[in-house]
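Reader: I am new to this structure and would like to go through it slowly, with the terms explained along the way. Could you show it to me before we begin?

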Amino acid sequence: MTDSKILTTTAGAPVPDNQNSWTAGERGPLLLQDYQLIEKLAHQNRERIPERVVHAKGWGALGTLKITGDISKYTKAKALQPGAETPMIARFSTVAGESGAADAERDVRGFSLKFYTDEGNWDLVGNNTPVFFVRDAYKFPDFIHTQKRHPKTNMRSPTAMWDFWSLSPESLHQVTILMSDRGLPISPMHMNGYGSHTFSLWNDAGERYWVKFHFKTQQGHKFHTNEEADQVIGKTRESYQEALYGAIDEGRFPRWTMQVQIMPEMDAEKTSYNPFDLTKVWPHSEYPPIDVGVLELNRNPENYFAEIENVAFSPSNIVPGIGYSPDKMLQARVFSYADAHRHRLGTHYENIPVNRPKNEVHHYHRDGQMNTYGGIRTGNPDVYYEPNSFNGPVEQPSAKEPPLRIHGDADRYNHRIGNDDYGQVRDLFNLFDEGEKKRLFANIAAAMSGIPEEIADRQLAHFDKVHADYGAGVRRARQLHEGREPAISVTPETPQQAAE
Ligand code: HEM
(Lines give C-alpha, C1' and ligand atoms only; values in the text may rest on other atoms or scores of the structure.)
Protein backbone atom coordinates (compact mmCIF):
# COMPACT_ATOMS: atom_id res chain seq x y z
CA MET A 1 0.00 0.00 0.00
CA THR A 2 1.42 3.36 -0.97
CA ASP A 3 -0.62 5.66 1.26
CA SER A 4 0.41 4.02 4.55
CA LYS A 5 1.32 6.39 7.36
CA ILE A 6 4.84 6.46 8.75
CA LEU A 7 5.32 4.35 11.90
CA THR A 8 6.65 6.61 14.66
CA THR A 9 7.89 6.34 18.22
CA THR A 10 5.44 7.49 20.88
CA ALA A 11 7.43 10.75 20.81
CA GLY A 12 6.65 11.12 17.10
CA ALA A 13 10.02 10.31 15.46
CA PRO A 14 10.04 7.88 12.48
CA VAL A 15 10.94 4.25 13.29
CA PRO A 16 13.60 2.95 10.86
CA ASP A 17 13.16 -0.79 11.51
CA ASN A 18 10.35 -2.60 13.30
CA GLN A 19 11.56 -6.15 12.44
CA ASN A 20 15.18 -6.49 13.63
CA SER A 21 16.55 -5.49 16.99
CA TRP A 22 19.83 -3.56 17.32
CA THR A 23 22.66 -5.97 18.14
CA ALA A 24 26.43 -5.94 18.57
CA GLY A 25 27.35 -8.00 15.53
CA GLU A 26 24.99 -10.22 13.53
CA ARG A 27 24.82 -12.88 16.24
CA GLY A 28 25.67 -10.55 19.05
CA PRO A 29 23.77 -9.48 22.19
CA LEU A 30 21.23 -6.67 22.25
CA LEU A 31 22.27 -3.08 22.73
CA LEU A 32 20.76 -1.14 25.62
CA GLN A 33 20.45 1.80 23.25
CA ASP A 34 17.73 -0.07 21.26
CA TYR A 35 15.17 2.16 22.89
CA GLN A 36 12.37 1.06 20.53
CA LEU A 37 12.76 -2.56 21.61
CA ILE A 38 12.82 -1.54 25.27
CA GLU A 39 9.80 0.72 24.86
CA LYS A 40 7.87 -2.05 23.09
CA LEU A 41 8.57 -4.58 25.85
CA ALA A 42 7.92 -2.03 28.60
CA HIS A 43 4.56 -1.07 27.08
CA GLN A 44 3.59 -4.70 26.82
CA ASN A 45 4.32 -5.18 30.51
CA ARG A 46 1.82 -2.44 31.25
CA GLU A 47 -0.98 -3.57 28.90
CA ARG A 48 -3.08 -4.99 31.72
CA ILE A 49 -4.73 -3.01 34.46
CA PRO A 50 -6.23 -4.63 37.57
CA GLU A 51 -9.42 -6.43 36.66
CA ARG A 52 -12.57 -5.40 38.49
CA VAL A 53 -12.60 -7.07 41.92
CA VAL A 54 -16.11 -8.33 41.05
CA HIS A 55 -17.89 -8.36 37.67
CA ALA A 56 -14.55 -8.80 35.87
CA LYS A 57 -15.94 -10.53 32.76
CA GLY A 58 -18.11 -8.20 30.73
CA TRP A 59 -19.63 -7.24 27.40
CA GLY A 60 -20.75 -3.80 26.35
CA ALA A 61 -22.28 -1.59 23.70
CA LEU A 62 -23.49 1.96 23.15
CA GLY A 63 -26.95 3.30 22.41
CA THR A 64 -29.74 5.68 23.34
CA LEU A 65 -32.46 6.11 25.96
CA LYS A 66 -35.63 7.65 24.50
CA ILE A 67 -38.35 8.87 26.86
CA THR A 68 -41.79 8.08 25.50
CA GLY A 69 -43.85 8.30 28.71
CA ASP A 70 -44.43 11.23 31.06
CA ILE A 71 -43.10 11.12 34.64
CA SER A 72 -42.41 14.87 34.72
CA LYS A 73 -44.63 15.31 37.79
CA TYR A 74 -42.19 13.15 39.78
CA THR A 75 -38.83 14.44 38.57
CA LYS A 76 -37.11 17.48 37.13
CA ALA A 77 -34.29 15.35 35.60
CA LYS A 78 -33.96 16.60 32.02
CA ALA A 79 -33.06 13.14 30.72
CA LEU A 80 -36.41 11.82 31.98
CA GLN A 81 -38.64 14.47 30.42
CA PRO A 82 -41.01 13.42 27.59
CA GLY A 83 -39.21 13.24 24.23
CA ALA A 84 -35.68 13.35 25.72
CA GLU A 85 -33.01 11.29 23.94
CA THR A 86 -29.80 10.56 25.81
CA PRO A 87 -26.68 8.79 24.52
CA MET A 88 -25.52 5.99 26.79
CA ILE A 89 -23.18 3.04 27.24
CA ALA A 90 -24.03 -0.34 28.77
CA ARG A 91 -21.83 -3.02 30.27
CA PHE A 92 -23.14 -6.46 31.19
CA SER A 93 -21.12 -8.87 33.30
CA THR A 94 -21.00 -11.96 35.47
CA VAL A 95 -20.11 -11.41 39.12
CA ALA A 96 -17.70 -14.09 40.24
CA GLY A 97 -15.63 -15.16 37.25
CA GLU A 98 -12.32 -13.59 36.31
CA SER A 99 -11.95 -11.63 33.08
CA GLY A 100 -11.35 -14.83 31.06
CA ALA A 101 -14.28 -16.77 32.57
CA ALA A 102 -16.78 -18.54 30.31
CA ASP A 103 -19.87 -16.46 29.56
CA ALA A 104 -22.47 -19.20 29.99
CA GLU A 105 -21.93 -19.77 33.71
CA ARG A 106 -24.78 -19.68 36.23
CA ASP A 107 -24.34 -16.37 38.01
CA VAL A 108 -26.09 -13.08 38.61
CA ARG A 109 -25.54 -10.72 35.65
CA GLY A 110 -24.49 -7.10 36.05
CA PHE A 111 -26.53 -4.56 34.08
CA SER A 112 -24.67 -1.23 34.16
CA LEU A 113 -25.86 1.87 32.35
CA LYS A 114 -24.19 5.26 31.99
CA PHE A 115 -26.37 8.04 30.57
CA TYR A 116 -24.48 11.08 29.25
CA THR A 117 -27.16 13.66 30.19
CA ASP A 118 -26.93 17.44 29.67
CA GLU A 119 -26.72 17.76 33.47
CA GLY A 120 -23.87 15.29 33.99
CA ASN A 121 -23.50 11.53 33.92
CA TRP A 122 -26.24 9.43 35.49
CA ASP A 123 -25.26 5.83 36.20
CA LEU A 124 -27.53 2.94 37.08
CA VAL A 125 -25.32 0.04 38.15
CA GLY A 126 -27.80 -2.78 38.61
CA ASN A 127 -28.20 -6.48 38.02
CA ASN A 128 -30.57 -8.74 36.10
CA THR A 129 -32.33 -9.40 39.42
CA PRO A 130 -34.47 -6.98 41.45
CA VAL A 131 -32.99 -8.11 44.80
CA PHE A 132 -29.59 -9.01 46.27
CA PHE A 133 -27.98 -11.62 48.57
CA VAL A 134 -27.33 -9.30 51.53
CA ARG A 135 -29.03 -6.22 52.89
CA ASP A 136 -26.18 -4.68 54.89
CA ALA A 137 -23.00 -3.58 53.09
CA TYR A 138 -21.02 -4.82 56.10
CA LYS A 139 -21.62 -8.35 54.74
CA PHE A 140 -20.72 -7.65 51.08
CA PRO A 141 -16.96 -8.43 51.25
CA ASP A 142 -17.71 -11.67 53.21
CA PHE A 143 -20.27 -12.69 50.63
CA ILE A 144 -17.90 -12.00 47.73
CA HIS A 145 -15.14 -14.03 49.42
CA THR A 146 -17.48 -17.04 49.28
CA GLN A 147 -18.00 -16.56 45.54
CA LYS A 148 -14.32 -16.19 44.66
CA ARG A 149 -11.58 -18.82 44.93
CA HIS A 150 -10.68 -20.63 48.16
CA PRO A 151 -7.39 -19.28 49.57
CA LYS A 152 -5.77 -22.73 49.74
CA THR A 153 -7.26 -24.78 46.91
CA ASN A 154 -7.61 -21.80 44.55
CA MET A 155 -10.90 -23.34 43.44
CA ARG A 156 -14.49 -22.15 43.82
CA SER A 157 -15.98 -23.54 47.01
CA PRO A 158 -19.66 -24.66 47.10
CA THR A 159 -19.12 -25.33 50.83
CA ALA A 160 -18.28 -21.67 51.46
CA MET A 161 -21.21 -20.48 49.33
CA TRP A 162 -23.85 -22.62 51.05
CA ASP A 163 -22.30 -22.09 54.47
CA PHE A 164 -22.70 -18.33 54.07
CA TRP A 165 -26.15 -18.53 52.45
CA SER A 166 -27.49 -20.97 55.04
CA LEU A 167 -26.26 -18.64 57.82
CA SER A 168 -27.80 -15.62 56.04
CA PRO A 169 -31.51 -16.24 55.43
CA GLU A 170 -31.86 -12.83 53.77
CA SER A 171 -30.06 -14.40 50.77
CA LEU A 172 -32.94 -16.86 50.05
CA HIS A 173 -34.77 -14.60 47.63
CA GLN A 174 -31.71 -13.99 45.45
CA VAL A 175 -30.51 -17.62 45.75
CA THR A 176 -33.92 -18.79 44.49
CA ILE A 177 -33.70 -16.45 41.49
CA LEU A 178 -30.09 -17.47 40.80
CA MET A 179 -30.99 -21.18 40.80
CA SER A 180 -34.10 -20.61 38.65
CA ASP A 181 -34.17 -20.18 34.86
CA ARG A 182 -33.33 -16.48 35.32
CA GLY A 183 -29.90 -17.48 36.68
CA LEU A 184 -28.58 -18.51 33.26
CA PRO A 185 -29.87 -16.31 30.40
CA ILE A 186 -28.61 -17.25 26.92
CA SER A 187 -27.32 -13.72 26.26
CA PRO A 188 -27.38 -10.24 27.79
CA MET A 189 -30.19 -9.40 25.38
CA HIS A 190 -32.52 -12.01 26.82
CA MET A 191 -32.68 -10.72 30.38
CA ASN A 192 -34.19 -7.80 32.26
CA GLY A 193 -32.17 -5.16 34.06
CA TYR A 194 -33.03 -3.68 37.44
CA GLY A 195 -31.71 -0.65 39.26
CA SER A 196 -32.52 -2.96 42.21
CA HIS A 197 -32.13 -0.35 44.96
CA THR A 198 -34.76 2.15 45.90
CA PHE A 199 -33.68 5.55 44.60
CA SER A 200 -35.60 8.82 44.77
CA LEU A 201 -37.08 11.22 42.25
CA TRP A 202 -37.78 14.84 43.14
CA ASN A 203 -39.54 17.61 41.30
CA ASP A 204 -39.34 21.40 41.10
CA ALA A 205 -41.86 21.72 43.93
CA GLY A 206 -39.40 19.89 46.20
CA GLU A 207 -41.58 16.76 46.49
CA ARG A 208 -39.79 13.43 46.83
CA TYR A 209 -40.94 10.03 45.57
CA TRP A 210 -39.22 6.71 46.08
CA VAL A 211 -38.51 4.88 42.82
CA LYS A 212 -37.39 1.53 41.44
CA PHE A 213 -36.01 1.39 37.87
CA HIS A 214 -36.67 -1.62 35.62
CA PHE A 215 -35.56 -2.44 32.07
CA LYS A 216 -37.72 -5.20 30.54
CA THR A 217 -36.22 -7.09 27.62
CA GLN A 218 -38.08 -6.79 24.31
CA GLN A 219 -36.21 -9.87 23.03
CA GLY A 220 -38.01 -12.14 25.50
CA HIS A 221 -36.50 -14.21 28.29
CA LYS A 222 -34.43 -17.14 27.10
CA PHE A 223 -32.33 -19.35 29.33
CA HIS A 224 -29.97 -22.33 29.20
CA THR A 225 -30.33 -25.42 31.37
CA ASN A 226 -27.12 -26.47 33.13
CA GLU A 227 -26.66 -29.25 30.55
CA GLU A 228 -27.08 -26.86 27.61
CA ALA A 229 -24.63 -24.43 29.18
CA ASP A 230 -22.04 -27.21 29.52
CA GLN A 231 -22.36 -27.83 25.78
CA VAL A 232 -22.09 -24.12 24.97
CA ILE A 233 -18.99 -23.69 27.13
CA GLY A 234 -17.46 -26.76 25.49
CA LYS A 235 -17.72 -24.95 22.16
CA THR A 236 -17.07 -21.33 23.10
CA ARG A 237 -16.28 -19.35 26.21
CA GLU A 238 -17.45 -16.12 24.53
CA SER A 239 -21.11 -16.92 23.80
CA TYR A 240 -22.38 -13.59 25.17
CA GLN A 241 -19.80 -11.51 23.35
CA GLU A 242 -20.61 -13.33 20.11
CA ALA A 243 -24.37 -12.87 20.58
CA LEU A 244 -24.31 -9.19 21.58
CA TYR A 245 -21.56 -8.07 19.20
CA GLY A 246 -23.05 -10.13 16.36
CA ALA A 247 -26.60 -8.81 16.82
CA ILE A 248 -25.48 -5.18 16.79
CA ASP A 249 -23.08 -5.77 13.90
CA GLU A 250 -25.96 -7.20 11.86
CA GLY A 251 -28.30 -4.32 12.75
CA ARG A 252 -30.51 -6.38 15.08
CA PHE A 253 -30.48 -3.77 17.84
CA PRO A 254 -31.60 -5.06 21.25
CA ARG A 255 -34.17 -3.00 23.14
CA TRP A 256 -35.54 -2.81 26.65
CA THR A 257 -38.67 -1.02 27.91
CA MET A 258 -37.78 1.28 30.79
CA GLN A 259 -40.29 1.25 33.63
CA VAL A 260 -40.49 2.79 37.08
CA GLN A 261 -42.38 1.92 40.23
CA ILE A 262 -43.22 5.03 42.21
CA MET A 263 -43.89 5.20 45.96
CA PRO A 264 -45.02 8.47 47.61
CA GLU A 265 -42.45 9.53 50.24
CA MET A 266 -44.65 8.93 53.28
CA ASP A 267 -45.75 5.43 52.16
CA ALA A 268 -42.32 4.18 53.23
CA GLU A 269 -43.48 4.42 56.85
CA LYS A 270 -46.57 2.28 56.16
CA THR A 271 -45.45 -0.72 54.09
CA SER A 272 -45.31 -4.09 55.88
CA TYR A 273 -41.75 -4.52 54.56
CA ASN A 274 -38.85 -2.08 54.63
CA PRO A 275 -38.92 -0.50 51.14
CA PHE A 276 -35.18 0.26 51.47
CA ASP A 277 -34.31 -3.41 52.01
CA LEU A 278 -32.50 -4.72 48.92
CA THR A 279 -33.66 -8.30 49.55
CA LYS A 280 -37.28 -7.26 48.93
CA VAL A 281 -39.33 -6.25 45.90
CA TRP A 282 -42.24 -3.84 45.87
CA PRO A 283 -45.35 -5.84 44.89
CA HIS A 284 -46.56 -4.75 41.44
CA SER A 285 -50.13 -4.90 42.72
CA GLU A 286 -49.32 -2.05 45.13
CA TYR A 287 -46.89 -0.08 42.99
CA PRO A 288 -47.62 -0.88 39.33
CA PRO A 289 -44.79 -0.41 36.82
CA ILE A 290 -45.17 2.69 34.60
CA ASP A 291 -43.69 2.71 31.07
CA VAL A 292 -41.13 5.49 30.71
CA GLY A 293 -39.12 4.88 27.55
CA VAL A 294 -37.01 2.61 25.41
CA LEU A 295 -33.35 1.74 25.75
CA GLU A 296 -31.70 0.65 22.50
CA LEU A 297 -28.14 -0.59 21.95
CA ASN A 298 -27.05 0.19 18.41
CA ARG A 299 -23.26 0.58 18.32
CA ASN A 300 -20.42 -1.75 19.13
CA PRO A 301 -17.37 -0.19 20.78
CA GLU A 302 -14.49 0.63 18.42
CA ASN A 303 -11.99 -0.63 20.96
CA TYR A 304 -12.97 -3.00 23.75
CA PHE A 305 -10.28 -1.86 26.18
CA ALA A 306 -10.72 1.88 25.62
CA GLU A 307 -14.46 1.78 26.11
CA ILE A 308 -15.61 -1.33 27.98
CA GLU A 309 -12.58 -2.00 30.18
CA ASN A 310 -12.11 1.69 30.94
CA VAL A 311 -15.73 2.47 31.65
CA ALA A 312 -16.25 3.35 35.30
CA PHE A 313 -19.80 3.14 36.62
CA SER A 314 -20.81 4.42 40.01
CA PRO A 315 -24.15 4.59 41.83
CA SER A 316 -22.87 7.94 43.18
CA ASN A 317 -23.40 9.47 39.71
CA ILE A 318 -26.84 11.06 39.89
CA VAL A 319 -28.23 14.26 38.36
CA PRO A 320 -30.71 16.89 39.64
CA GLY A 321 -34.17 15.31 39.99
CA ILE A 322 -32.74 11.90 40.98
CA GLY A 323 -31.48 11.06 44.46
CA TYR A 324 -30.33 8.23 46.72
CA SER A 325 -32.37 6.57 49.45
CA PRO A 326 -31.62 5.31 52.97
CA ASP A 327 -30.87 1.79 51.55
CA LYS A 328 -27.72 0.77 53.50
CA MET A 329 -26.34 -1.09 50.51
CA LEU A 330 -26.77 1.88 48.19
CA GLN A 331 -25.18 4.19 50.74
CA ALA A 332 -22.05 2.01 50.86
CA ARG A 333 -21.92 1.69 47.08
CA VAL A 334 -21.92 5.50 46.82
CA PHE A 335 -18.47 5.30 48.47
CA SER A 336 -17.12 2.06 47.06
CA TYR A 337 -17.19 2.48 43.28
CA ALA A 338 -15.31 5.77 42.94
CA ASP A 339 -12.75 4.35 45.37
CA ALA A 340 -12.40 1.25 43.15
CA HIS A 341 -11.97 3.41 40.04
CA ARG A 342 -9.21 5.51 41.59
CA HIS A 343 -7.37 2.26 42.27
CA ARG A 344 -8.17 0.51 38.96
CA LEU A 345 -8.02 3.43 36.51
CA GLY A 346 -6.35 6.30 38.36
CA THR A 347 -7.21 9.61 39.97
CA HIS A 348 -8.56 11.17 36.79
CA TYR A 349 -10.71 8.22 35.67
CA GLU A 350 -13.60 10.60 34.93
CA ASN A 351 -11.45 12.22 32.25
CA ILE A 352 -11.00 9.03 30.23
CA PRO A 353 -13.12 9.68 27.10
CA VAL A 354 -15.69 6.94 27.81
CA ASN A 355 -16.29 8.36 31.29
CA ARG A 356 -16.05 12.04 30.40
CA PRO A 357 -19.40 13.85 30.67
CA LYS A 358 -20.70 15.33 27.40
CA ASN A 359 -21.58 18.60 29.14
CA GLU A 360 -18.86 21.05 30.27
CA VAL A 361 -17.11 20.17 33.52
CA HIS A 362 -15.83 22.89 35.88
CA HIS A 363 -14.20 22.01 39.17
CA TYR A 364 -11.31 22.98 41.45
CA HIS A 365 -9.55 19.58 41.76
CA ARG A 366 -6.04 19.84 40.42
CA ASP A 367 -2.88 17.97 39.49
CA GLY A 368 -2.38 14.26 40.12
CA GLN A 369 -1.24 11.42 37.87
CA MET A 370 -2.53 11.55 34.28
CA ASN A 371 -4.05 15.00 34.60
CA THR A 372 -4.50 15.47 30.86
CA TYR A 373 -6.80 18.46 30.92
CA GLY A 374 -4.09 21.01 31.68
CA GLY A 375 -4.67 21.95 35.29
CA ILE A 376 -7.83 23.03 37.00
CA ARG A 377 -11.12 23.02 35.16
CA THR A 378 -12.22 26.58 35.72
CA GLY A 379 -11.17 28.17 32.43
CA ASN A 380 -8.89 30.73 34.13
CA PRO A 381 -5.42 29.96 35.59
CA ASP A 382 -5.97 32.40 38.49
CA VAL A 383 -9.14 30.61 39.54
CA TYR A 384 -7.83 27.61 41.47
CA TYR A 385 -9.64 27.99 44.80
CA GLU A 386 -13.16 28.90 45.86
CA PRO A 387 -14.58 31.39 46.84
CA ASN A 388 -12.63 33.78 44.62
CA SER A 389 -13.01 37.27 43.15
CA PHE A 390 -12.25 36.17 39.57
CA ASN A 391 -15.58 34.91 38.33
CA GLY A 392 -14.80 31.24 39.01
CA PRO A 393 -17.45 28.51 38.81
CA VAL A 394 -20.07 28.74 41.55
CA GLU A 395 -22.59 26.39 43.08
CA GLN A 396 -26.11 25.97 41.71
CA PRO A 397 -28.65 25.95 44.59
CA SER A 398 -31.44 24.60 42.34
CA ALA A 399 -29.53 21.29 42.20
CA LYS A 400 -30.06 20.81 45.95
CA GLU A 401 -32.46 17.98 46.69
CA PRO A 402 -35.28 18.40 49.24
CA PRO A 403 -34.37 17.67 52.88
CA LEU A 404 -34.75 14.05 53.98
CA ARG A 405 -36.62 13.24 57.18
CA ILE A 406 -34.67 10.79 59.34
CA HIS A 407 -35.33 9.58 62.84
CA GLY A 408 -33.95 7.13 65.41
CA ASP A 409 -30.85 6.66 67.55
CA ALA A 410 -27.47 5.87 66.06
CA ASP A 411 -26.87 2.18 66.75
CA ARG A 412 -25.98 -1.13 65.10
CA TYR A 413 -29.49 -2.46 64.49
CA ASN A 414 -29.88 -6.22 63.99
CA HIS A 415 -31.35 -6.39 60.50
CA ARG A 416 -32.49 -10.00 61.03
CA ILE A 417 -34.95 -9.09 63.81
CA GLY A 418 -38.53 -8.59 62.63
CA ASN A 419 -37.65 -9.18 58.99
CA ASP A 420 -39.61 -11.80 57.01
CA ASP A 421 -37.08 -13.52 54.75
CA TYR A 422 -39.53 -16.16 53.52
CA GLY A 423 -42.83 -14.52 52.46
CA GLN A 424 -41.69 -12.93 49.20
CA VAL A 425 -39.69 -16.06 48.28
CA ARG A 426 -42.90 -18.08 48.78
CA ASP A 427 -44.77 -15.71 46.43
CA LEU A 428 -42.05 -16.23 43.81
CA PHE A 429 -41.96 -20.01 44.30
CA ASN A 430 -45.74 -20.16 43.85
CA LEU A 431 -45.39 -18.39 40.50
CA PHE A 432 -43.15 -21.14 39.09
CA ASP A 433 -44.84 -23.83 36.99
CA GLU A 434 -43.97 -27.50 37.50
CA GLY A 435 -41.14 -27.42 34.93
CA GLU A 436 -39.59 -24.35 36.51
CA LYS A 437 -39.77 -25.92 39.95
CA LYS A 438 -38.16 -29.12 38.71
CA ARG A 439 -35.27 -27.21 37.14
CA LEU A 440 -34.91 -25.08 40.31
CA PHE A 441 -34.59 -28.22 42.46
CA ALA A 442 -32.13 -29.84 40.05
CA ASN A 443 -29.97 -26.71 39.78
CA ILE A 444 -29.80 -26.42 43.57
CA ALA A 445 -28.97 -30.11 43.94
CA ALA A 446 -26.13 -29.75 41.42
CA ALA A 447 -24.80 -26.63 43.13
CA MET A 448 -24.91 -28.32 46.57
CA SER A 449 -23.00 -31.36 45.39
CA GLY A 450 -20.32 -32.43 47.87
CA ILE A 451 -21.03 -29.91 50.63
CA PRO A 452 -21.08 -31.11 54.28
CA GLU A 453 -24.47 -32.53 55.35
CA GLU A 454 -24.69 -30.16 58.30
CA ILE A 455 -24.63 -27.17 55.96
CA ALA A 456 -27.06 -28.80 53.52
CA ASP A 457 -29.50 -29.51 56.39
CA ARG A 458 -29.32 -25.90 57.56
CA GLN A 459 -30.14 -24.67 54.05
CA LEU A 460 -32.91 -27.24 53.54
CA ALA A 461 -34.58 -25.97 56.72
CA HIS A 462 -34.83 -22.53 55.04
CA PHE A 463 -36.38 -24.05 51.91
CA ASP A 464 -38.89 -25.87 54.15
CA LYS A 465 -39.85 -22.58 55.75
CA VAL A 466 -40.53 -21.06 52.33
CA HIS A 467 -42.75 -23.98 51.28
CA ALA A 468 -42.86 -27.67 52.21
CA ASP A 469 -42.69 -28.50 48.47
CA TYR A 470 -39.49 -26.46 48.09
CA GLY A 471 -37.57 -28.43 50.74
CA ALA A 472 -39.02 -31.77 49.63
CA GLY A 473 -38.25 -31.04 45.96
CA VAL A 474 -34.61 -30.20 46.68
CA ARG A 475 -34.21 -33.31 48.88
CA ARG A 476 -35.54 -35.53 46.09
CA ALA A 477 -33.37 -33.82 43.50
CA ARG A 478 -30.31 -34.31 45.71
CA GLN A 479 -30.94 -38.04 45.94
CA LEU A 480 -31.33 -38.23 42.18
CA HIS A 481 -28.20 -36.16 41.67
CA GLU A 482 -26.08 -38.32 44.02
CA GLY A 483 -27.26 -41.41 42.10
CA ARG A 484 -26.21 -39.81 38.84
CA GLU A 485 -22.76 -38.58 39.92
CA PRO A 486 -20.43 -39.81 37.18
CA ALA A 487 -17.56 -42.01 38.39
CA ILE A 488 -14.18 -40.45 37.71
CA SER A 489 -12.52 -42.40 34.93
CA VAL A 490 -8.77 -42.50 35.03
CA THR A 491 -6.96 -43.13 31.78
CA PRO A 492 -4.01 -45.43 32.46
CA GLU A 493 -0.60 -43.97 31.66
CA THR A 494 1.32 -45.43 28.77
CA PRO A 495 4.73 -46.82 29.78
CA GLN A 496 6.32 -43.92 27.91
CA GLN A 497 4.28 -41.30 29.84
CA ALA A 498 5.17 -43.01 33.11
CA ALA A 499 8.86 -42.81 32.24
CA GLU A 500 8.70 -39.07 31.40
C1 HEM B 1 -18.91 -3.79 40.34
C2 HEM B 1 -18.68 -2.96 45.10
C3 HEM B 1 -23.28 -4.35 45.57
C4 HEM B 1 -23.70 -4.34 40.77
C5 HEM B 1 -18.43 -3.50 41.59
C6 HEM B 1 -17.09 -3.11 41.89
C7 HEM B 1 -17.04 -2.86 43.22
C8 HEM B 1 -18.33 -3.13 43.77
C9 HEM B 1 -15.83 -2.38 44.02
C10 HEM B 1 -15.95 -2.99 40.88
C11 HEM B 1 -16.00 -1.64 40.24
C12 HEM B 1 -14.90 -1.44 39.21
O13 HEM B 1 -13.76 -1.80 39.48
O14 HEM B 1 -15.21 -0.86 38.13
C15 HEM B 1 -19.91 -3.25 45.64
C16 HEM B 1 -20.28 -3.10 47.03
C17 HEM B 1 -21.56 -3.52 47.16
C18 HEM B 1 -22.01 -3.90 45.84
C19 HEM B 1 -19.34 -2.57 48.11
C20 HEM B 1 -22.44 -3.58 48.37
C21 HEM B 1 -22.32 -2.78 49.40
C22 HEM B 1 -23.82 -4.42 44.31
C23 HEM B 1 -25.21 -4.55 44.01
C24 HEM B 1 -25.32 -4.53 42.66
C25 HEM B 1 -23.99 -4.40 42.11
C26 HEM B 1 -26.31 -4.62 45.06
C27 HEM B 1 -26.55 -4.59 41.80
C28 HEM B 1 -27.74 -4.29 42.23
C29 HEM B 1 -22.43 -4.21 40.26
C30 HEM B 1 -22.15 -4.21 38.85
C31 HEM B 1 -20.77 -4.05 38.71
C32 HEM B 1 -20.23 -3.96 40.05
C33 HEM B 1 -23.16 -4.35 37.71
C34 HEM B 1 -19.98 -4.01 37.42
C35 HEM B 1 -19.88 -2.57 36.93
C36 HEM B 1 -19.28 -2.53 35.54
O37 HEM B 1 -19.93 -3.06 34.61
O38 HEM B 1 -18.20 -1.97 35.38
N39 HEM B 1 -19.17 -3.54 42.75
N40 HEM B 1 -20.98 -3.73 44.96
N41 HEM B 1 -23.10 -4.34 43.14
N42 HEM B 1 -21.26 -4.05 40.96
FE43 HEM B 1 -21.14 -3.90 42.93
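Reader: How many residues of each class, nonpolar, polar and charged, does the shell around the ligand have?

Author: This is a predicted model, in which local features need pLDDT of at least 70 and side-chain atom pairs count only at pLDDT 80 or more, while totals for chains, interfaces and linings use all residues. Residues are numbered from 1 along each chain as its sequence is written. Ala, Val, Leu, Ile, Met, Phe, Trp, Tyr, Cys and Pro count as nonpolar, Asp, Glu, Lys and Arg as charged, and the others, Gly among them, as polar. By these classes, the shell has 13 nonpolar, 10 polar and four charged residues.

Reader: Which element gives the largest share of the shell around the ligand?

Author: A residue is near the ligand if its C-beta atom, placed from the backbone, lies within 6 Å of it, and of the 27 residues around the ligand, His 55, Arg 91, Gly 110, Ala 137 and Ser 196 come nearest. Two or more residues each are given by strand 2 (85-94), strand 3 (109-117), strand 4 (120-127) and helix 8, where helices (H or I, at least four residues) and strands (E, at least two) are DSSP runs numbered from the N terminus. The largest share, eight residues, comes from helix 8.

Reader: Is Tyr 337 buried, exposed or partly exposed?

Author: Tyr 337 lies in helix 8 (residues 328-344), and the UniProt annotation "binding site", from an unreviewed entry, covers it; such annotations may be inferred rather than shown by experiment. A residue is buried if 20 or more other C-beta atoms, placed from the backbone, lie within 10 Å of its own, exposed if 12 or fewer, and partly exposed in between. Because Tyr 337 has 18 other C-beta atoms within 10 Å, Tyr 337 is partly exposed.

Reader: Where do the buried residues of helix 11 fall, seen down its axis?

Author: In helix 11 (residues 453-466), the buried residues are Ile 455, Ala 456, Gln 459, Leu 460, His 462, Phe 463 and Val 466. An α-helix has 3.6 residues a turn, so residues three or four places apart point the same way. Taking the directions from the helix axis to the C-beta atoms, the buried residues of helix 11 line one face, because they fall within an arc of 155 degrees.

Reader: Which exposed residues does the face of helix 11 turned away from its buried side carry?

Author: Helix 11 has 14 residues and reaches 20 Å from its first C-alpha to its last. The face turned away from its buried side carries Glu 453, Glu 454, Asp 457 and Ala 461.

Key: The expected span of a helix is 1.5 Å times one less than its number of residues.
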